[in-house]
Amino acid sequence: MNAQDVLQPFQFRYACKKFNAEKKISENDFRTILEAGRLSPSSFGYEPWKFLIVQDSQLKEKLYPVAWGAQRSFNGASHFVILLARKKKDIRYGAAYLDHIMKDIKHLPDEVMARMRELLKNWQLNDFNLGEDERALFDWASKQTYIAMANMMTAAAMMGIDSCPIEGFNRQAVEDILIQNNALDPEHFGVSVMVSFGYRDETQPAKTRQSLEDIVQWIE
């Protein structure tokens, strides 16, 4: 694999605005996209996310007025994903969810778990000054969902599948609708970002980016 092969999916990917409603992603291909998200890195390896796949047309209709950036995706994308981020109850140092990850997923011994608890406590309180702030802790978790989303979009592009990341929505209104439809537990999760997947029904615009010289600084 050469450099061009590596960069080709990034040249292919753009924020698709018009999807072909007649063309659907296969079950296997979409599972691969989800696996790319599942296997993504997260801070301290705590995976503070949940991927909500919204395929129900009635729920999309309810979300339509409050998710202006998703409206064209609702009308054509094959799959629509809302990425949820965990809240303070789950990601503050000492939380039961963090112990679950360390014990049941990572299978860490008790002494290592104890050290990790103290490490995270010091990091949250002193290094990153997150303190006890609900929004600061949620934003920390939310930033990590963007890593998963980016990997999902790149995996999709590698398979010739288009995507569109979406921040154009009223977060509180979206959460209220999800809660009313038993799709969100507000004690543990909040809405972070959205992304749609499908196949383009438009001409890809020219890709414009700053040069490497404009965004890279070497310190030698």
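Which residues are exposed on the other side of α7, away from the buried ones? The answer is R115, E118 and D127. The description below concerns a predicted model, and it begins with this helix.

Helix α7 covers residues 110–127, 18 residues in total. From its first C-alpha to its last it reaches 24 Å. That is close to the 26 Å expected at 1.5 Å a residue. Its buried residues are M113, L120, W123 and Q124. They cover an arc of only 90° around the axis, so they sit on the same side of α7. The cover over these buried residues includes α5 (88–91), α6 (96–105) and α8 (134–158). R115, E118 and D127, by contrast, are exposed on the other side of α7.

The helix is followed by N129. This residue lies in the loop between α7 and α8. N129 is not a glycine, yet its phi is positive, about 50°. N129 counts as exposed because its relative accessibility, 59%, is over 50%. A second asparagine can be described in similar terms. N182 has a positive phi of about 55°, although it too is not a glycine. N182 is found in the loop between α9 and β4. At 73% relative accessibility, N182 also counts as exposed.

The overall architecture comes next. The protein chain has 10 helices and four strands. Along the sequence they follow the pattern α-α-β-α-α-β-α-α-α-α-β-α-β-α. The C-alpha trace spans about 55 × 55 × 35 Å along its principal axes. Of the 220 residues, 41% count as buried. Contacts across the sequence were also examined. Among those between residues at least 6 apart in sequence, 80% join residues at least 24 apart.

In soluble globular proteins, nonpolar side chains tend to be buried together. The largest nonpolar core of this model contains 25 residues. Within it, L63, F80, I82, L178 and M194 touch the most other members. Helices and strands both contribute to this core. At least two of its residues come from each of α3 (57–63), β2 (79–86), β3 (162–166), α9 (171–180) and β4 (189–198).

F80 illustrates the contacts around one of these core residues. Residues up to four places away in sequence are not counted here. On the N-terminal side of F80 in the numbering, the partners include L52, I53, V54, Q55 and K60. A70, S73 and F74 also touch F80. The list is completed by I166, M194, V195 and S196.

K60, one of the partners of F80, is found in helix α3. Is this lysine buried or exposed? K60 is buried, because its relative accessible area of 12% falls under 20%. Leaving aside neighbours within four places in sequence, K60 is in contact with V54, Q55, F74 and F80. V54, Q55 and F74 are also in contact with F80. K60 and I177 are 117 residues apart in sequence, but 10 Å apart in space, C-alpha to C-alpha.

A polar residue in strand β3 is buried as well. S163 is found in this strand. S163 counts as buried because its relative accessibility is 1%. Its contacts, not counting residues up to four places away, include R13, Y14, A15, C16 and F19. M153 touches S163 too. V195, S196 and F197 complete the set. V195 and S196 also touch F80.

The final element considered is a helix pair. Two packed helices are described by the angle between their axes and the distance between the axes. The axes of helix α2 (residues 27–38) and α8 come within 8 Å. They cross at roughly 145°. The crossing of α2 and α8 is right-handed. On the α2 side, I33, L34, A36 and G37 make the contact. On the α8 side, A148, N151, M152, A155 and A156 do so.

A36 gives a closer view of this contact. It is found in helix α2. A36 counts as buried because its relative accessibility of 19% is under 20%. A36 touches N151, M152 and A155, with residues up to four places away in sequence not counted. A36 and A95 are 59 residues apart in sequence and 26 Å apart in space, C-alpha to C-alpha.

How values were computed: Residues are numbered from 1 along each chain as its sequence is written. This is a predicted model: local features need pLDDT of at least 70, side-chain atom pairs count only at pLDDT 80 or more; totals for chains, interfaces and linings use all residues. Side-chain values use heavy atoms; hydrogens and water are left out. A nonpolar core is a set of buried Ala, Val, Leu, Ile, Met, Phe, Trp, Tyr and Cys residues joined through side-chain atoms within 4.5 Å. Buried means under 20% relative accessible area, exposed over 50%, partly exposed in between (1.4 Å probe, protein chains only). Contact means heavy atoms within 4.5 Å. The expected span of a helix is 1.5 Å times one less than its number of residues. The arc is that of the directions from the helix axis to the C-beta atoms. Axes are lines fitted to C-alpha atoms, for helices over the stretch in contact, and angles run from 0 to 180 degrees between N-to-C directions. A crossing is left-handed if the near helix is turned anticlockwise from the far one by less than a right angle, and right-handed if clockwise.
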